[in-house]
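User: Please take a close look at the interior of this protein. I would like to know which residues are found there and what they pack against.

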Amino acid sequence: MSTVTTTTSVHAPSVGTGHTRVEGRDKVTGAARYAAEVPFAGLAHGWLVLSTIARGRIRALDTEPVLAMPGVLAVLDHRNAPHLNTDYAGLLGKPDPTCAVFQHDRVPHLGWPVALVVAETSEQAREAAEALVVHYEQQPHDVELTSDHPGSHPLDGHMPAVTEKGDLDAGLASSTFVVDAEYTTPEEHHNPMEPHAATARWDDGRLEVTDSNQGVTWVAGELQNLFSLDPASVRVRSEHVGGGFGSKGVRAHQVAAVMAATVLRRPVRVALTRRQMFTLAGHRSPTIQRVRIGADADGRLRALEHRSVSRTSTFHEFVEPSTGAARVMYDADAHHTANHVVPLDVPTPTWMRAPGEAPGSFALEAAFDELAEKCGIDPIELRLRNEPETGPVSGLPFAGRNLAACFREGARRFGWADRDSRPGVRREGRWLLGTGTAAASFPAGAAPSTATATAHPDGTFTIRISAADIGTGARTALALIAADALQVAPERIRMRIGDSDFGPAMIAGGSMGTRSWSWAVKAAAGELRERLALGAGIPAQGLTVRSDTTEAVQALGPAERHSFGAQFAEVAVDVTTGEVRVRRMLGIFAAGRIVNPLTARNQLLGGMVWGISMALHEEAARDLASGGVVGADLAGYHVATHADVPRIEADWIEDTDPDDPVGIKGLGEIGVVGAAAAVANAVWHATGVRHRSLPIRPDRVLTAAAGAPDA
C-alpha cells in the first residue's frame, strides 16, 4: 500500500483555461485509429446491397452466381438471416425497423437494405454485391412533402405535438401589425468526415463490436435487445469518432455485421460508402412552416402561431420538432404551436445537429425580422421588448436567461448602432451590403451517468466513463473536470472513454454529453480525493471510486433550462450573378460555464459555419420519379468550404446554471441555431427582398431581383 499526495501548495484551476486536446497528437500523427482502421486477425468484409426501387417487394435474389465469385463467403438476406427481436423500447423508444435488416421481403424506400455480401476482402465484397441481381415487384411511391398532404397528422416526439393557450384569431384580429408567412427548409444530411463503420466478432461467447457511434452503452443495449442476448455478453467500443451530428446511433451496418459474424464465426466489418450514408444514416426532414405573429403598436406580441410540417417514413415515425423554439423564445396571450408529420416512401429522418431548433429558428427569427420592419422597430429592440419572464408554454422559471446580455454585447462588438435600417441602400460596386441578426436557444439537459476514478501508486489517476468524443473535445474537458476535483495537474489524469464495459452514461447528443459526464466525473473524483485525504492507502491495482448521478439528476427541480445566443451576420449580394457572400459573422452565447475555451470556441464556430451552409448551400434534392436523392455525394450535396467562411467570431458572456455542480449548460448545438436566420435577414437588408426558402441560391436571388414576389 502507498499514499499519494493529491494536492500542491496552490492548485491552479484547470477548468476555464484553454487546453489542447489530450488525443490531438495521436490524431494528427495517425496513431488514433478509427472504426474502419482497427486491425483484426481473420477479418472478413461485408457489403450492403440496397434496393433500386422506392416501394414494393422482393420477388427473388440470384445468389448462386454471387456465391461462386472469388472470395465470397456468404450472402445474407430475408430468407436466411438470423431472426431479430424488435418488440422492445430502447433508450430512444421503439427501434427504427431499418436497423432490423433482412426480416421480410418488403421495400419501403429506395436504398432499403436487401442483402449483405461477405467476402475475404472489401473489394471482393463490393464486386459481388454489385453483381447480385434482385427481382422486385414494384409499387407506386410518394416522396413529395406538401403542407396540405392528406396524411399529415400531429406527432409527439420528445415534446408534445400541440400546445395552445388563448384565442389566436382574436389576438391576431386585435393586433396592429401582423406577419403571416410560410417558410421552408430542405432535406439535409449529416455527412460527418468519418463514414459509418463497425466490426463485430465473437470472443469466448461474448459479442464485441468496434464501432463509430455516439453512445456505446446505447448501441450495446440495442444489440442486446435485437439479438436477445444477455447484457453481460455484449461489449461495444468506440474510442475515436470522426463526427456524428446525430447520425451515429444504431444503424443497419452494425446489425448486419453482427449477423455475419454470428453466421461465419469470424470478425466481419461493414463500412458505408458516402453514397450509402445518404440512405442509411438518417437525415433532417424538409419542413414547411407557417408563422403568424400579431403585435400592438409598441411591438409587444398579442398572438403567436408556429406550425410545422415535416416528413417521416411509412414504417417508423420521427418528427422534426421545429416549433420548439417558439415555445421558449417569445410569449403572447394567444400562443399556439404544432408539429405535424407526413408519412412518405423515404428513409426515416433522424436527429441532426440542433434538431428542431435549427429549421425552427430560421422561420421564427425571420418572421420576427419581418415584424420588426412592419413595426418600424429595431430588430434587437423588438426582441428585448418581448423577453418572457417565465416559460411561454410551461410557465416554469428560467434557470438563467441571459439572451438580452448576449444581444447587447453582440450589438456593441458588431457595430449595430451604426446600421442604417433601410434595406438596399449600401452598395460597393455590383455588391449590395446588408446586416442581420437572430436569437438562438437550445435546451440544456442532463441525464444520469456513471463514472469511475482510480488512484494509482505512481501518482496518476485514471477516469473511466462510457462517454463519446465525437469531435467536441470531451476527453480534454473531462480531464480538466477531474483534475480540479482531485486538485492535481491535468497531466496526471488519464482518460478512458468509449467502452460499454465502463457502465451506463449519457450519449453524445442534445448538448447533454459533457454536462452529464462532468457531473459523474466530478462526483467520482471528488469522493476519491476525500478518501485519499483521510489517509486511504493505494493498493498495487489502484484505489477506485464509482459514481452514479441518477438520484442527483432526478432531484433537479422543474425549470426552463437553456443555452441562449445572439447571431449577427453581414452579407454582400451580387445582383448580376445572384451570389451571396457572408463577409463576417459574430455569435455571442450564454452557455453556462465554459470548461475549455479552446474547444468550446471550436464547437461554436463549427455550428456557425454550418449555419452559413444551411443558409446558402445545403439542399438534398429528391427525385420524384426514382424516390432517391440526386447527387448523393459531396460533389452534388454542397456544403460550405474554406472559401465560404468569412471573418467569423464566437464568444460568450458570464453564465452558469446554479443547479449544475460544474455550472455547465451545453454548447454543441447552440452555434447552429439562428445562424441561417441572421444570414437570411441580412440578405433582406441588402436587397429589400425576403427569402423564405432555404438555401438562398443564386437563381432565387436573380428571380427576386427580376421583380418576383418574396422568395
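Analyst:
**A look inside the model**

Cys 375 has a relative accessible area of 12%, and because the limit for a buried residue is under 20%, it counts as buried. The model is a predicted one, and this applies to everything below. Another cysteine, Cys 406, is buried with a relative accessible area of 0%. Is any cysteine part of a disulfide, and how many disulfides are there? A search of the whole structure finds zero. A disulfide would be a covalent bond between the sulfur atoms of two cysteines.

Helix α9 covers residues 357-375. Of its 19 residues, 17 are buried, so the rest of the structure largely encloses this helix. Its length can be checked as well. At 1.5 Å a residue, 19 residues should span 27 Å, and the end C-alpha atoms are 25 Å apart, which agrees. After α9 comes Gly 376, with a positive phi near 70°. Helix α13 (residues 513-533) can be checked by the same arithmetic: its 21 residues should span 30 Å, and its end C-alpha atoms are 30 Å apart, which agrees. Just after α13, Gly 535 has a positive phi of about 90°.

Next come the aromatic rings. The model has ten aromatic pairs, counting rings whose centres lie within 6.5 Å. One of them joins Tyr 183 and Phe 362: the ring centres are 5.9 Å apart and the planes are at 90°, an edge-to-face arrangement. Tyr 183 belongs to strand β9 (residues 177-185) and Phe 362 to α9, so this pair links parts of the chain 179 residues apart. Both Tyr 183 and Phe 362 are buried. Phe 407 and Phe 568 make another edge-to-face pair, with 6.2 Å between centres and 75° between planes. Phe 407 is in helix α11 (residues 403-414) and Phe 568 is in strand β23 (residues 562-574), so the pair ties together parts that are 161 residues apart in sequence. Phe 407 is buried at a relative accessible area of 1%, and Phe 568 is buried at 0%. These two residues, with Phe 414 and Trp 416, form one aromatic cluster.

Nonpolar packing is the next topic. In soluble globular proteins, nonpolar side chains tend to be buried together. Here the largest nonpolar core has 85 residues, and Ile 465 and Ile 493 touch the most other members. Helix α12 (residues 474-486) gives the most to this core, namely ten residues. Leaving aside residues up to four places away in sequence, Ile 493 touches Phe 461, Ile 463, Ala 479, Ala 482, Ala 483, Leu 486 and Val 488. A second core, separate from this one, has 83 residues, including Ala 295, Ala 325, Ala 411 and Val 679.

A loop residue can be buried too. Tyr 637 lies in the loop between α15 (597-616) and β25 (647-652), yet Tyr 637 is buried, with a relative accessible area of 1%. Among the residues it touches, not counting those up to four places away in sequence, are Glu 187, His 189, Asn 191, Phe 278, Glu 618 and Gly 631.

Finally, two rings have a charged side chain over them. The charged end of Arg 265 sits over the ring of Trp 202, at 5.0 Å from its centre. Arg 690 lies over the face of Trp 684, 4.1 Å from the ring centre.

Notes:
Residues numbered from 1 in each chain as written. Predicted model: local features only at pLDDT ≥ 70, side-chain atom pairs only at ≥ 80, totals over all residues. Heavy atoms only, no water. Phe/Tyr/Trp six-rings, centres within 6.5 Å; stacked < 30°, edge-to-face > 60°. Helix = DSSP H or I, 4+ residues; strand = E, 2+ residues; numbered from the N terminus. Buried < 20%, exposed > 50% of the residue type's maximum accessible area, 1.4 Å probe, protein only. Lys NZ or Arg CZ within 6 Å of the ring centre and 35° of its normal. Expected span 1.5 Å × (residues − 1). Core = buried A, V, L, I, M, F, W, Y, C linked by side-chain atoms within 4.5 Å. Contact = heavy atoms within 4.5 Å. Disulfide = S-S within 2.5 Å.
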